[in-house]
Amino acid sequence: MQYEQIPDISKNGTTKKPSPVSNLRANPYKNSGIKKYKDFDLTEAIADFKKGLEISPGDVALHFNIACAYSLTENKALAY
């Protein structure tokens with residue numbers, strides 16, 4: 001099953017799609033948290049993900065990543 005991203009329509013009627021690369025650059029804590037997560041430095045990854053959520057509280061990927069990190073540290077309540 002494929003999903004299509006709905007383009008953002010600006011006030012003048014033109015469409016603007018967000019760039020995935022620009023989103024990665026906008027939140028450095030997301031990138032550093034992912035790197036630390038991959039290196040199994042889960043405590044530091046969680047700290048970075050929390051900082052990233054302060055910048056982008058609606059970032060679904062950050063919420064997923066922090067939940068995964070909490071799960072691996074066996075902290076079920078925070079993972080949920």
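This is a dialogue between a student and a tutor about reading a predicted model of a protein chain.

Student: Where should I begin, and how many helices and strands are there in the protein chain?

Tutor: Begin with the elements, and keep in mind throughout that the model is predicted. The protein chain has five helices and two strands, and when you follow the chain from the N terminus the order of these elements is β-β-α-α-α-α-α.

Student: What share of the residues in the protein chain is buried?

Tutor: A residue is called buried when its relative accessible area is under 20%, and exposed when that value is over 50%. By that reading, buried residues make up 21% of the 80 residues in the protein chain. Looking at the surface instead, the protein chain exposes about 6400 Å², and carbon and sulfur atoms supply 58% of that area.

Student: And what share of the contacts comes from residues 24 or more positions apart?

Tutor: If you take the contacts in the protein chain with a separation of 6 or more, residues 24 or more positions apart account for 29% of them.

Student: How many salt bridges does the structure hold, and how should I understand them?

Tutor: The general idea is that side chains of opposite charge can pair when their charged atoms come close. In this structure there are three salt bridges. One of them joins the side chains of Lys30 and Asp59, with a distance of 3.1 Å from N to O. This pair links distant parts of the chain, for Lys30 belongs to helix 2 (residues 28-38) while Asp59 sits in the loop between helix 3 (42-55) and helix 4 (60-72), and the two are 29 residues apart.

Student: Are Lys30 and Asp59 buried or exposed?

Tutor: Here the cut-off of under 20% for buried residues does the work. Lys30 counts as buried because its relative accessibility is 11%, and Asp59 counts as buried as well because its relative accessibility is 16%.

Student: Which residues does Lys30 touch, if I set aside those up to four places away in sequence?

Tutor: With those residues not counted, Lys30 touches Phe49, Asp59, Ala61 and Leu62. Asp59 therefore appears in this list of contacts, and the side chains of Lys30 and Asp59 also make a polar contact at 3.1 Å.

Student: What does the salt bridge between Asp48 and Lys36 tie together?

Tutor: The side chains of Asp48 and Lys36 meet at 2.9 Å, N to O. Asp48 lies in helix 3 and Lys36 in helix 2, so this pair ties together parts that are twelve residues apart in sequence. As for their surroundings, Asp48 is buried, with 5% relative accessibility, whereas Lys36 is partly exposed, with a relative accessible area of 25%.

Student: And are Asp39 and Lys35 buried or exposed?

Tutor: These two residues also form a salt bridge, in which their side chains meet at 3.2 Å, N to O. The cut-off to apply now is the one of over 50% for exposed residues. Asp39 counts as exposed because its relative accessibility is 51%, and Lys35 is exposed with a relative accessible area of 53%.

Student: Which value of phi does Phe40 have?

Tutor: When you read the backbone angle phi, look at its sign and also at whether the residue is a glycine. Phe40 has a positive phi of about 60° although it is not a glycine. Phe40 is placed in the loop between helix 2 and helix 3, and with 67% relative accessibility it counts as exposed.

Student: Where does Glu74 lie, and what is its phi?

Tutor: Glu74 is located in the loop between helix 4 and helix 5 (76-79). Its phi is positive, about 60°, although Glu74 is not a glycine, and this residue is exposed with a relative accessible area of 72%.

Student: Finally, which residues is Ser56 in contact with, leaving aside its neighbours within four places in sequence?

Tutor: Read the sequence positions and the positions in space side by side. Ser56 is found in the loop between helix 3 and helix 4, and it is partly exposed, with a relative accessible area of 24%. Leaving aside its neighbours within four places in sequence, Ser56 is in contact with Asn27 and Leu62. Ser56 and Asn27 are 29 residues apart along the chain, and their C-alpha atoms are separated by 7.6 Å. Their side chains are joined by a polar contact of 3.5 Å.

Note on methods
Residues numbered from 1 in each chain as written. Predicted model: local features only at pLDDT ≥ 70, side-chain atom pairs only at ≥ 80, totals over all residues. Heavy atoms only, no water. Helix = DSSP H or I, 4+ residues; strand = E, 2+ residues; numbered from the N terminus. Buried < 20%, exposed > 50% of the residue type's maximum accessible area, 1.4 Å probe, protein only. Contact = heavy atoms within 4.5 Å. Areas by Shrake-Rupley, 256 points an atom, 1.4 Å probe, with all protein chains shown as cover. Salt bridge = Lys/Arg side-chain N within 4 Å of Asp/Glu carboxyl O. Polar contact = N/O pair within 3.5 Å; in protein donor to acceptor, adjacent residues only side chain to side chain.
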